[in-house]
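Trainee: Let's go through this one from the top. I'll ask, you answer.

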There are 2 protein chains.
Amino acid sequence: MTKTSKKKATIYDLSVLSGSSPSTVSAVLNGTWQKRRIKESTAALIRDLAETHQYTANRQARGLRSSRSGLIGLLLPVHDNRYFSSMAQTFEAHVRSKGQCPIVVSASRDPEEERKTAETLISYSIDELFICGATDPDGVHEVCETVGLRHINIDLPGTKVPSVISDNYQGGRMLTEAIIRHFPADQPLRPDELYLFGGRDDHASRERIRGFRAVKRELLGDDPDGCIQPTGYAPNNARLAFEAFYEKHGKLPRGVFINSSINFEGLLRFMAGHPHENFADLTVGCYDYDPFASFLPFPVIMIRQDVEGMITKAFEVIEEGRPQPRIHLISPELVQPRTALTGPLDALKDIG
Amino acid sequence: MTKTSKKKATIYDLSVLSGSSPSTVSAVLNGTWQKRRIKESTAALIRDLAETHQYTANRQARGLRSSRSGLIGLLLPVHDNRYFSSMAQTFEAHVRSKGQCPIVVSASRDPEEERKTAETLISYSIDELFICGATDPDGVHEVCETVGLRHINIDLPGTKVPSVISDNYQGGRMLTEAIIRHFPADQPLRPDELYLFGGRDDHASRERIRGFRAVKRELLGDDPDGCIQPTGYAPNNARLAFEAFYEKHGKLPRGVFINSSINFEGLLRFMAGHPHENFADLTVGCYDYDPFASFLPFPVIMIRQDVEGMITKAFEVIEEGRPQPRIHLISPELVQPRTALTGPLDALKDIG
DNA sequence: CTTGTTTGCACAATCGATGGTGCAAAGACT
DNA sequence: AGTCTTTGCACCATCGATTGTGCAAACAAG
């Protein structure tokens with residue numbers, strides 16, 4: 001068992017080995033050595049030793065001293081969803097490219113959980129926090145604010161700091177219009193045949209609903225209140241709403257606007273319970289993109305939110321000095337049925 | 001601007017406020033105060049102050065001193081995939097329930113990246129590392145070993161520490177058999193009509209292929225080599241393989257075993273390029289579960305790996321003192337077409 | 001040779017929490 | 001009252017890196 005085998009080398013070890021002081025070693029290894037007028041030859045020696053002894057800085061020590069950690073946090077509602085997991089994937093790539101370390105945590109859409117999670121992250125002295133899809137962004141803002149932590153909202157806006165969100169109104173309009181136009185002119189959709197399921201009383205849902213209603217009124221001439229069925233995000237609640245509709249009308253609406261892919265799973269569950277229905281006249285629009293959903297046996301028009309665009313914008317905005325709490329809208333994209341788009345995974349090389 | 005508003009309270013602040021020493025404050029707030037014979041009334045006072053001043057311990061300082069961080073790492077290939085993201089979701093729940101903080105990072109299936117990522121995590125003094133789906137688990141093991149970090153493999157096995165993986169051989173058998181039996185007796189599948197696409201030279205793929213070939217030989221009497229098409233995991237490579245087959249034979253095989261949902265996306269891309277084909281006689285088996293894929297317009301039989309079971313087992317094994325480097329197999333589950341299963345998200349309450 | 005300047009680095013305080021050790025005051029006992 | 005215990009806590013070194021400051025040696029200028 002050689003000496004290099006068990007504990008990690010520190011600047012003190014290298015200091016002894018090199019014959020210089022710990023502060024010199026530190027300066028060399030963190031790049032501030034020119035500023036400290038360290039001789040190139042000394043620096044080279046130390047770099048060499050660091051390499052052969054596999055030195056890596058103890059981030060906790062560094063963070064303690066400098067009150068920065070190199071960690072950048074992303075607070076998500078859930079991982080288990082293509083939209084949010086592609087958010088995580090994209091976020092990670094950006095953070096890594098800045099030489100920092102991403103830390104992605106979910107908080108289940110629970111305001112209390114969101115705040116507690118943010119506090120946990122803060123206790124690790126994270127340097128920045130991206131708050132994505134939070135139920136209570138301003139609550140999280142409070143806890144960031146008291147410790148002076150830079151943060152920004154994504155996907156759902158807050159009122160205290162900038163927010164980068166999908167243009168849900170336009171997206172809602174696009175999707176609604178696409179659903180309506182998908183029906184042939186000789187069998188047009190009636191206003192009471194186009195329903196919206198899913199979502200709840202958050203900014204995104206409200207905007208989508210606003211777009212939905214506006215387009216319905218413009219294109220179909222009417223917009224009955226009963227066609228809006230906000231079920232929350234839980235798949236089972238969505239399923240129950242479909243069941244209830246089906247009970248009452250003996251069929252599904254011809255046109256269905258579903259607020260998110262998670263809600264869409266509720267429709268699948270409903271369908272699994274009705275194996276002999278073939279839902280031949282059904283057209284679905286879903287505010288989220290999933291490649292498999294796009295190929296379902298009925299027309300599924302989808303919205304793909306521009307995750308890359310949102311993350312990029314968020315990084316831009318958060319770098320600004322004193323950003324105003326304005327809302328940055330990122331346009332989503334309409335995806336026709338049977339479309340297989342590429343995603344962040346395609347950027348990866350496939351070894352082997 | 002009150003004094004509480006800007007910087008975080010430390011034990012020194014509370015020490016002044018309470019009139020006790022920092023070490024007393026520390027002991028009270030980290031639970032070791034009984035051992036230190038602190039008076040209950042003193043403890044109560046300090047707890048009170050901590051509460052009103054919103055004290056939370058600086059984890060970096062604690063970690064520096066104790067060389068533990070409270071962080072538990074999960075190293076994934078990618079986030080952007082239902083299998084791995086549900087891994088993340090489940091992992092997170094387990095870690096949080098132990099009062100620790102999950103840190104989930106992806107390494108793109110790149111051995112070099114995997115090692116570097118592990119080192120980064122180590123520099124934050126993480127307490128344990130779960131290595132999931134790593135291309136080179138033993139490489140990661142090396143870097144963990146040199147610093148004495150407890151770790152375990154999930155999904156793909158290593159040889160140095162315990163591994164908890166899906167029973168890929170059995171799963172491969174189940175899925176292959178289900179595909180074969182899905183064809184009616186009067187139009188049975190011939191051996192050269194059942195292909196396997198995707199995967200590469202890793203343990204999981206090999207085992208699945210072994211199961212696939214064994215069942216083919218048992219049930220169909222033959223098992224031509226050409227029916228195995230390992231394309232790697234990239235969707236586009238899988239697409240190219242389907243294109244190539246289609247070029248050559250003018251159709252797809254009647255039965256297709258796809259190694260993962262990521263590869264399945266390659267099939268979708270192929271299909272998007274052949275809009276007028278209806279692939280009426282196609283049956284797909286996919287080694288992964290995705291609710292939307294399950295409802296595609298052709299029969300899709302899926303395997304759902306028991307993520308909850310694997311994570312639970314992994315936590316059990318890692319707690320053991322000196323676990324042997326054996327492989328723990330977790331049985332996956334066969335999922336019939338048009339099945340909408342619940343997932344980790346269903347455990348969440350839906351607020352609002 | 002003296003004075004000033006630059007070069008190159010060492011010293012030591014510091015970040016916040018932990019835990020071993022020591023010691024005064026209070027209580028128990030003879 | 002004197003000694004021994006127990007109680008209750010303070011003191012201080014420590015984890016590993018950062019950073020402001022100081023200072024000797026080398027060199028330049030006069």
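Trainee: Which helices each supply at least two residues of the surface near DNA strand D?

Mentor: This is a predicted model, with local features needing pLDDT of at least 70, side-chain atom pairs 80 or more, and totals for chains, interfaces and linings using all residues. Residues count from 1 along each chain, chains are lettered from A and ligands numbered from 1 as written, and side-chain values use heavy atoms without hydrogens or water. Helices are DSSP runs (H or I, at least four residues) numbered from the N terminus. Chain A supplies H1 (11–18), H2 (22–30) and H4 (59–66), and chain B supplies H2 (22–30) and H4 (59–66).

Trainee: Which helix gives the most to that surface near DNA strand D?

Mentor: The surface near DNA strand D draws on helices of chain A and of chain B. With four residues, the top contributor is H4(A).

Trainee: How many residues surround DNA strand D?

Mentor: The closest are A:Arg62, A:Arg65, B:Thr24, B:Lys39 and B:Thr42. Near means a heavy atom within 4 Å. Of the strand D atoms within 4 Å of the protein, sugar and phosphate make up 45%. The number of residues around DNA strand D is 26.

Trainee: Which side chain has an N or O atom 2.7 Å from a base nitrogen of DNA strand D?

Mentor: Set the phosphate oxygens aside. One lies 2.7 Å from a polar side-chain atom of A:Tyr55, and one lies 3.4 Å from a backbone N or O atom of B:Gly19. The side chain at the base nitrogen belongs to B:Ser23.

Trainee: Now strand C. What share of its atoms within 4 Å of the protein belongs to sugar or phosphate?

Mentor: DNA strand C has 25 residues around it, the closest being A:Thr24, A:Lys39, B:Tyr55, B:Arg62 and B:Arg65. Bases take the rest of those atoms; the sugar or phosphate share is 45%.

Trainee: Which residue's side chain has an N or O atom 2.7 Å from a base nitrogen of DNA strand C?

Mentor: A:Arg36 puts a polar side-chain atom 3.3 Å from a base nitrogen. B:Ile11 uses a polar backbone atom, 2.6 Å from a phosphate oxygen. At 2.7 Å from a base nitrogen, the side chain is that of B:Tyr12.

Trainee: Away from the DNA surfaces, at what angle do H5(A) and H13(A) pack?

Mentor: H5(A) spans residues 82–97, and H13(A) spans 307–319. A:Tyr83, A:Met87 and A:Phe91 are among the H5(A) residues that meet H13(A), whose own include A:Met310, A:Ile311 and A:Phe315. The axes are 9 Å apart, and the packing angle is about 45 degrees.

Notes. Axes are lines fitted to C-alpha atoms, for helices over the stretch in contact, and angles run from 0 to 180 degrees between N-to-C directions. Contact means heavy atoms within 4.5 Å. A polar contact is a pair of N or O atoms within 3.5 Å; within protein, one must be able to donate a hydrogen and the other to accept it, and residues adjacent in sequence count only if both atoms are side-chain atoms.
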